[in-house]
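Trainee: Before we discuss charged pairs and cysteines, please show me the sequence and the structure.

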Amino acid sequence: MRTTMSFTGSAPANDPCLAKILSKQGDNKVLFADKVLKFTQSGKMKRRILVITDFALYLVDPEANILKRRIALAAVDKLCISNLSDNFFAIIVPTEYDCLMASTRKKEIVDVIVKAIKSTSEYEPEVASSNRFEYHAAAEVIKVVEFEEVDGGTKTRITNREKS
């Protein structure tokens, strides 16, 4: 397990702003940190730094160095990924709202989250692998993510679920 923040791309390793955010939360053991794209309720993509510690997931705005969201690992119920070679994954948090993100390190992120939860509890979150899944983008907004294999790659479609 890594104890220092390491990034790919241009984010600095051992970033003092990230260290300050984590220490304010009483957290300092970083298991994973990297840039991701987070999808908002309206479907916009936002650049974020995902930091995984042994207690929580943090989404930090890299431009403003502000903590945008903290998700306790104990609140994570399920992780959704597709069977295809895309970068999308969803973190299902029933007590709040869910989080859809994209990263070239999707598999590694899911593995680190599962190991972190297992190491601090008897619980192992479900990892649902399907070419279609739903997530709550907000309390009343349910999105459907569908993946389809096409020539040369994967087609991803994100739509609002019709109210039943």
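**Salt bridges and cysteines**

Mentor: Glu96 is partly exposed, with a relative accessible area of 38%. Keep in mind that this is a predicted model.

Trainee: Which residue forms a salt bridge with Glu96?

Mentor: A salt bridge needs a Lys or Arg side-chain nitrogen within 4 Å of a carboxyl oxygen of Asp or Glu. For Glu96, the closest N and O atoms of the pair are 3.0 Å apart. Glu96 lies in the loop between strand E6 (88–92) and E7, and its partner in strand E4 (residues 66–72), so the pair ties together parts that are 27 residues apart in sequence. The partner is Arg69.

Trainee: Is Arg69 buried or exposed?

Mentor: The cut-off for buried is under 20% relative accessible area. Arg69 has 7%. Arg69 is therefore buried.

Trainee: How many residues apart in sequence are the parts that Arg105 and Asp34 tie together?

Mentor: Arg105 and Asp34 form a salt bridge, with their closest N and O atoms 2.9 Å apart. Arg105 sits in the loop between strand E7 (99–102) and helix H2 (106–120), while Asp34 belongs to strand E1 (residues 30–39). The parts tied together are therefore 71 residues apart in sequence.

Trainee: What is the relative accessibility of Asp34?

Mentor: Its partner Arg105 counts as buried at 18%, where the cut-off is under 20%. Asp34 also counts as buried. For Asp34 the value is 2%.

Trainee: Where does Arg161 lie, given that Arg161 pairs with Glu134?

Mentor: The closest N and O atoms of Glu134 and Arg161 are 2.8 Å apart in their salt bridge. The pair links distant parts of the chain, 27 residues apart, with Glu134 in strand E9 (residues 132–138). Arg161 lies in the segment after strand E11 (153–160).

Trainee: Which residues do salt bridges that share partners join into one network with Glu134 and Arg161?

Mentor: Glu134 is partly exposed at 30% relative accessibility, and Arg161 is partly exposed at 32%. Salt bridges with shared partners join these two into one network with Arg132, Glu146 and Arg157.

Trainee: How many salt bridges does the structure hold?

Mentor: Side chains of opposite charge can pair when their charged atoms come close. The pair of Arg105 and Asp34 is one such salt bridge. The total for the structure is 11.

Trainee: How many disulfides does the structure hold?

Mentor: A disulfide needs two cysteine sulfur atoms within 2.5 Å. Cys17 counts as partly exposed at 33% relative accessibility, and Cys99 is buried at 1%. The number of disulfides is 0.

Terms used. Residues are numbered from 1 along each chain as its sequence is written. This is a predicted model: local features need pLDDT of at least 70, side-chain atom pairs count only at pLDDT 80 or more; totals for chains, interfaces and linings use all residues. Side-chain values use heavy atoms; hydrogens and water are left out. Buried means under 20% relative accessible area, exposed over 50%, partly exposed in between (1.4 Å probe, protein chains only). Helices (H or I, at least four residues) and strands (E, at least two) are DSSP runs, numbered from the N terminus.
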